[in-house]
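Here are some notes on the strand pairing and helix packing of this model, set out as numbered points. Please read them with the structure open beside you.

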Amino acid sequence: MTHSTATVRPAAVAGTFYPESAVVLTRALRRLLGDTPPAQESRERPPKAIIAPHAGYVYSGPIAATVYAPLHALRATIRRVVLLGPTHRVAVNGLAVPSVSAFATPLGEVPLDAEAIARIAPLPQVVVSDAAHAMEHSLEVQLPFLQTVLERFTLVPLAVGKASPSEVAEVLETLWGSDETLIVISSDLSHYLPYPRACETDTDTARHIVALDAKLDHQQACGATPVNGLLLAARRHGLRARLLDLRNSGDTAGDKSRVVGYGAFSFTPVSADAHWDLLGSALLVSARNAIAAKFGLSPQPVTPMPELSEPGASFVTLTQNGHLRGCIGSLEAHRPLATDVAENAFAAAFHDRRFAPLSEPELPRTRVEVSLLTPAEAFPVRSEEDALARLRPGIDGLILSYGRRRATFLPQVWESLADPRQFMAQLKLKAGLAADFWDPELTLARYGVRKWKET
C-alpha cells in the first residue's frame, strides 16, 4: 500500500497516447466524436455501463468514440463515473484506489468521489496504491472523452490487478447507484495477432461479451478481469449488451501484420416485456434452425441472451393450419435452454411417433411454438374433487404420475379442454389410465409456462 502527498494525479500519457495541448486535444475529440454515426433510436433506457478501448487515440480513438458519442445526451444526468481498467505497469492484489483528490488531464481536473470511495474501502479486495495509478494509461485515456461528453462528474478510479470477477462485481454492486452513475470498463481485445486471426478471435470475444458470458481470459481481453466482473453484475441487473463497434489497429493505423483489437460495447437496462420478447424471438429462431438444419438450410442469426446458456425446460409444438403436427418437450431443466429447445424442436419434427417425419415441402407452412416451463411444484390433493376445485384453467400445466405412468398437459391444452373434469380425464387417458381412475398413490404437480409462437 503506497500513498502520495500530492492531491492531484497529473496526466501521465498526454503527448503520447493523446495530444498534450488542450486546444489540439479538444479539436481531436470533436473530430472523433463528430465522425461517429448517429445513434439509432431505441426504446431502451440509457446505458448503465460501457466498455471502451484504451490505446493511443490514433489507434483506438474512433472505436471509443462510438460508445462515448451517445453519452452526450446524458451530460446533465450522469454525475458519477466508476472507471475500471487493468494495471499494465505495477502489480496489484485487488482493486486499487489512489489517495489523491483529483485526476488531471489537459482539459482540467476531475474530482474524485470521496464518499463513494469510502463506501468501498471496507471491502477486503479494495486497496490504496498511488503507484498503481501513477503511470497507468488504461484509465487516463478515458478521461478526455468523459470530460468532453459530460458536464460535471466525480470519479471513482479503480486499477484492477489480481482479483476475481466476483470481487469486481461486489465493488460494482456497492457503487451501482441509479441513472446518475455510469460504469466504464477500459479494455482492449486481442494483442499482436495477424489481422485475419485477430478478426476471428475478436468476433468470438464480442459474441461472449454480448451473451454476458463472464469467462473471458487475458488473451481475449487485457481487461478480462474487470470485464468479467461487469458481465456478472450485468446479468444480475438484467442489462442487455450491445456491440457498437469492432475493429483493430490494422483498420485504423494501417499495419496488419500484428494488430490489437478494439471493441465498444454498451449495457442497457431493458423492460421486462422487451427482455421476454427478445428471449422468445431467440428461442423461436433456435427451434426453426434445428429443423432447417435437417434439410441443409442455412441458419438464421440468434440474438445472444444469457438465459440461452442456462439450464431450462421447454416444449416445442409444431402446427399446420391450426392442427397439431408434433410436440416434444422436457419437464425438468437438465441442459442449456438453447440446446433443450433445439433438440425438442428436432424431435417434434422428426421423432413424434404420432406423426410421420416432417418433409422439407411442409416446412414453410409449419408454425413453431416454444413454451418455457417454470419449475414444477408438488400439488398435493385430498381427492380428485379437491384437485378439480383447485385447478386454474388456462394457467396450470399439470403433470400426473402413477407408478411408472406419467403424462402432462401444457396450459395451452385448456384452450380445447376448458372443463377441469374433461382436462383431468384426458390427461389420465394420455398416461394410459382409465378416464375415471383415481388412487391415493396418484400424484400431481403444477407448472406455468411463458410461450411464444411464430406468426
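1. The model is a predicted one, and within it four strands form an open sheet in the order S14-S13-S15-S20, with antiparallel pairing. At the edges of this sheet are strand S14, covering 323–329, and strand S20, covering 449–453, each of which pairs on one side only. From one strand to the next, the twist averages 20°.

2. The pairing that brings the edge strand S20 into the sheet can be followed residue by residue. Strand S15, which spans residues 367–373, runs antiparallel to S20 and is joined to S20 by five bridges; for Glu-369, the bridge partner in S20 is Lys-453.

3. Two helices should be considered together with this sheet. Helix H11, made up of residues 272–294, lies across strand S13 (314–320), S15 and S20, and runs at about 125° to S15. Helix H12, made up of residues 337–350, lies across S13, S14 and S15, and its direction is at about 35° to S13. When inspecting S13 and S15, please keep both helices in view, since H11 lies across these two strands and H12 does as well.

4. A separate point concerns the strands S5 and S6. Strand S5 (residues 102–105) pairs with strand S6 (residues 108–111) in the antiparallel sense, over four bridges, and the connection between S5 and S6 is a hairpin through two residues. To locate this pairing on the structure, one may start from Ala-104, whose bridge partner in S6 is Glu-109.

How values were computed. Residues are numbered from 1 along each chain as its sequence is written. This is a predicted model: local features need pLDDT of at least 70, side-chain atom pairs count only at pLDDT 80 or more; totals for chains, interfaces and linings use all residues. Side-chain values use heavy atoms; hydrogens and water are left out. Two strands pair if DSSP finds at least two bridges between them. Axes are lines fitted to C-alpha atoms, for helices over the stretch in contact, and angles run from 0 to 180 degrees between N-to-C directions. Contact means heavy atoms within 4.5 Å.
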